[in-house]
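User: I have a model open and want to go through it strand by strand. Can you take my questions as they come?

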Amino acid sequence: MEYPISIIRHNQNDVTKLYDSSDPKYEDLTILSEHYYYHKPHNVLHKSLSENYRIIQCLFGVVRVTGADMEIEISRENKIQLIVHPNVSIQWENVSGKAVVTRKECRQSL
């Protein structure tokens, strides 16, 4: 897994997996909790810092994720997911009319 943020790219013609424990891309992560963020106005900013791993995905709309010397747009269309390592701070903002983001708190299985 790349540090501090891993990028998971799904095939554009396939259904995007929210999470699949048998898929090696998810590095044996176990989900502890899941949170959904609904953004209606532009430029709504959310920050995330945790002692756990986090899987970030945009289910609707487009958001710009920044942090750890990187900036990337994620959306339902580009099917990108991010795995953020523990104690790495990121933030995202809505750059479309509406956006839905899911953040899964995870730990690595032993």
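User: Start with β7. Which residues sit on its two sides, and are they buried or exposed?
Analyst: Ile80, Leu82 and Val84 are on one side of β7, and Gln81 and Ile83 are on the other. All of them are buried. Buried means under 20% relative accessible area, exposed means over 50%, and partly exposed is in between (1.4 Å probe, protein chains only). In a regular strand the side chains alternate between the two faces of the sheet.

User: What kind of model is this, and how are things counted?
Analyst: It is a predicted model: local features need pLDDT of at least 70, side-chain atom pairs count only at pLDDT 80 or more, and totals for chains, interfaces and linings use all residues. Residues are numbered from 1 along each chain as its sequence is written, and side-chain values use heavy atoms, with hydrogens and water left out.

User: Why is β7 called largely enclosed?
Analyst: Because 5 of the 5 residues of β7 are buried, the rest of the structure largely encloses it. Strands here are DSSP runs (E, at least two residues), numbered from the N terminus; helices are runs of H or I with at least four residues.

User: Which sheet is it in?
Analyst: β7 belongs to an open sheet of 5 strands, ordered β1-β7-β4-β9-β2, with antiparallel pairing. Two strands pair if DSSP finds at least two bridges between them. The edge strands are β1 and β2, each pairing on one side only. From one strand to the next, the twist averages 20°. Axes for such angles are lines fitted to C-alpha atoms (for helices, over the stretch in contact), and angles run from 0 to 180 degrees between N-to-C directions.

User: How many bridges does β7 make with β1? And with β4?
Analyst: β1 (residues 5-9) pairs with β7 over 5 bridges, antiparallel. Isoleucine 5 stands opposite valine 84 there. β4 and β7 are joined by 4 bridges, also antiparallel. In that pair, isoleucine 56 faces leucine 82.

User: And what about β4 with β9?
Analyst: That antiparallel pair has 7 bridges. Isoleucine 55 has lysine 104 as its bridge partner in β9.

User: Lys104 again. How far is its C-alpha from that of His35?
Analyst: The two C-alpha atoms are separated by 6.4 Å, although the residues are 69 apart along the chain. Histidine 35 sits in strand β2 (residues 29-39). Histidine 35 counts as partly exposed because its relative accessibility is 30%.

User: What else does His35 touch?
Analyst: Not counting residues up to four places away in sequence, histidine 35 touches Val101, Thr102, Arg103 and Glu105. Contact means heavy atoms within 4.5 Å. Its side chain also makes a 3.3 Å polar contact with that of serine 33. A polar contact is a pair of N or O atoms within 3.5 Å; within protein, one must be able to donate a hydrogen and the other to accept it, and residues adjacent in sequence count only if both atoms are side-chain atoms.

User: Switching to the core. Which residues touch the most other members?
Analyst: In the largest nonpolar core, of 16 residues, they are Ile56, Val63, Val65, Ile74, Leu82, Ile90 and Trp92. Such a core is a set of buried Ala, Val, Leu, Ile, Met, Phe, Trp, Tyr and Cys residues joined through side-chain atoms within 4.5 Å. β4 (53-60), β5, β6, β7 (80-84), β8 and β9 (99-108) each give two or more residues to this core. The largest share, 3 residues, comes from β7. Another core lies apart from it, with 7 residues, among them Ile8, Tyr26, Ile55 and Ile83.

User: How is the sheet with β8 ordered?
Analyst: It is an open sheet of 4 strands, β3-β8-β5-β6, paired antiparallel. Its edges are β3 (45-48) and β6 (70-75), each pairing on one side only. β5 (residues 62-67) is joined to β8 by 4 bridges. Valine 65 has tryptophan 92 as its bridge partner in β8.

User: What about Asn94: buried or exposed?
Analyst: Buried, because its relative accessibility is 0%. Asparagine 94 lies in β8 (residues 90-94). A polar atom of its side chain is 2.7 Å from the backbone nitrogen of serine 96.

User: Last one. How many disulfides?
Analyst: The structure holds 0 disulfides; a disulfide is a pair of cysteine sulfur atoms within 2.5 Å. Cysteine 58 is buried at 2% relative accessibility, and cysteine 106 is buried at 0%.
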